[in-house]
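Q: Please take a close look at the way the strands pair in this model. I would also like to know what packs against them, and which backbone details deserve attention.

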Amino acid sequence: MLQAPRRKPRREDVVAAIERMRLLQIDSIHVVARSPYMVLHSRLGDYPVAWLDEALGDGRIAECWAHEACFVGARDLAVHRAWRERGSHWAQRHAERMHREHKPSMDALLARIRGEGPVLASDFPREDRGASGWWEWKPEKRWLEAWFALGDLMVTRRERFQRVYDLAERVLATLDPPFSPSELDTEQLRRHFILDSVRALGITQARWIADYFRLKPAVTARELAPLLAEGELLEVAVRGWDAPGYVHREHATVLERARGGRLRATHTTLLSPFDPLVWDRARALAMFDFDYRIECYVPAPKRRYGYYVLPILHRGALIGRLDAKAHRAEGVFEIKALFLEPAVEPSPRLAGELAAAIVRTANWHGTPRVRLGRCRPAALGAMLRAEWK
């Protein structure tokens with residue numbers, strides 16, 4: 001995300017972006033655009049959100065458990081399913097326990113799908129109509145999710161972002177490129193995910209690698225030594241770090257440009273709270289001096305910045321955050337509060353580029369009228385309002 005897109009996005013860019021990141025985390029909160037759509041917008045610009053849904057329905061991407069529940073490229077699904085078979089993810093262990101406790105009901109549900117075809121959770125009515133939230137899912141929804149984690153069910157498409165579940169063998173038959181089971185053993189799979197993590201992160205310390213795909217145990221410098229010896233990874237010293245950095249060999253050219261001072265960041269955009277750039281709090285702090293916490297899961301009295309706070313990426317730096325809410329019926333993109341980092345001074349250029357980024361997001365979201373609340377510092381608010389006159 002160093003430079004803004006140089007052309008209008010195309011359908012194939014959605015899959016290409018997911019393949020570059022190696023995964024795209026799914027989250028259903030829609031105070032603003034749901035996270036996977038927004039992560040793509042930060043990288044692709046003004047694209048139709050239907051393209052992500054179409055890619056899933058066409059079998060060019062698939063859903064699986066990775067970092068959390070994620071979209072992955074169809075070509076990468078085989079290694080994820082092979083890794084799942086090792087029982088390495090908490091979601092699978094939870095699903096196995098649920099199957100032991102609810103085996104007759106879960107087996108009956110699977111048999112129904114085998115005989116009658118795909119289902120949505122909404123196909124099953126619930127009695128306690130007032131219940132809400134994932135912690136109060138009806139039993140059928142929990143069982144569907146358990147079968148999904150176990151790999152017997154997959155998501156064939158989404159309807160209004162709701163999962164449509166079908167037998168895995170039927171979904172696998174629709175993938176493009178065609179699905180072929182991975183023959184990698186456990187050690188080879190771990191190596192694969194370590195390399196993919198470093199490739200996706202760009203530059204990383206050893207201690208940040210495991211979180212990308214939830215690998216256990218943690219990755220160490222000792223484990224990376226053979227990959228350095230083989231030339232798969234490059235080791236670099238980074239100013240201010242107390243540990244070496246690692247770069248994938250595919251990024252060697254970019255690394256040399258950075259060393260020569262020829263890598264310029266010009267892009268300004270708003271990030272999803274679930275963007276891989278800010279997943280790891282320690283990495284965001286070390287790389288960007290940006291202390292970020294997803295506060296939608298924090299009790300309201302303990303929040304510092306707001307419920308759904310979007311980090312602001314400006315020319316290669318995380319310079320601030322804004323608490324946003326989209327009022328879709330009114331066409332209003334509300335910024336309840338906007339905060340620059342203490343060391344960031346507002347300037348006309350910063351205000352102009354940030355104002356343009358906010359407008360791009362608001363227009364893409366279908367909420368073109370921007371309503372700005374409080375700003376820190378207050379001078380930035382005046383500059384932004386002047387840009388929008």
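A: The answer below begins with the strands and then turns to the helices and the loops.

The model is predicted: local features need pLDDT of at least 70 and side-chain atom pairs count only at pLDDT 80 or more, while totals for chains, interfaces and linings use all residues. Residues are numbered from 1 along each chain as its sequence is written, and side-chain values use heavy atoms, with hydrogens and water left out.

One open sheet contains five strands, arranged in the order β9-β10-β11-β12-β13, and its pairing is mixed. Strands here are DSSP runs of E with at least two residues, helices are runs of H or I with at least four, and both are numbered from the N terminus. Two strands pair if DSSP finds at least two bridges between them. At the edges stand β9 (268–270) and β13; each has a single partner strand, so one side of each is left without a neighbour in the sheet. On average, neighbouring strands of this sheet are turned by 25° against each other, direction ignored. Such angles are taken between axes, lines fitted to C-alpha atoms (for helices over the stretch in contact), and run from 0 to 180 degrees between N-to-C directions.

Within this sheet, strand β12 (residues 332–340) and β13 run parallel and are joined by seven bridges. A337 stands opposite R374 in β13. Helix α14 (residues 348–365) lies across β9, β10, β11, β12 and β13, and it runs at about 45° to β9. Contact, in this description, means heavy atoms within 4.5 Å.

Two residues that adjoin strands of this sheet are worth locating on the structure. R315, in the loop between β10 (309–314) and β11 (317–327), has a positive phi of about 50° although it is not a glycine. The peptide bond from R376 to P377 is cis, with omega near 5°. P377 belongs to the loop between β13 (369–376) and α15 (378–387).

Another open sheet has three strands in the order β4-β6-β5, and here the pairing is antiparallel. Its edges are β4 (119–120) and β5 (153–159); each has a single partner strand, so one side of each is left without a neighbour in the sheet. Helix α6 (residues 103–116) packs on this sheet and touches β4, β5 and β6; its direction makes about 80° with that of β6. Two bridges join β4 to strand β6 (residues 162–167), and these two strands run antiparallel. For L120, the bridge partner in β6 is V164.

The helices also pack against one another. The axes of α9 and helix α10 (residues 206–213) come within 9 Å and cross at roughly 105°. From α9, the contact involves F193, I194, D196, S197, V198, A200 and L201, and from α10 it involves W208, I209, Y212 and F213.

A further cis peptide bond, from D176 to P177, has omega near 10°. P177 is found in the loop between α8 (168–172) and α9 (186–201). Finally, R22 is a residue other than glycine whose phi has a positive value, near 75°. R22 lies in the loop between α1 (11–21) and β1 (24–25).
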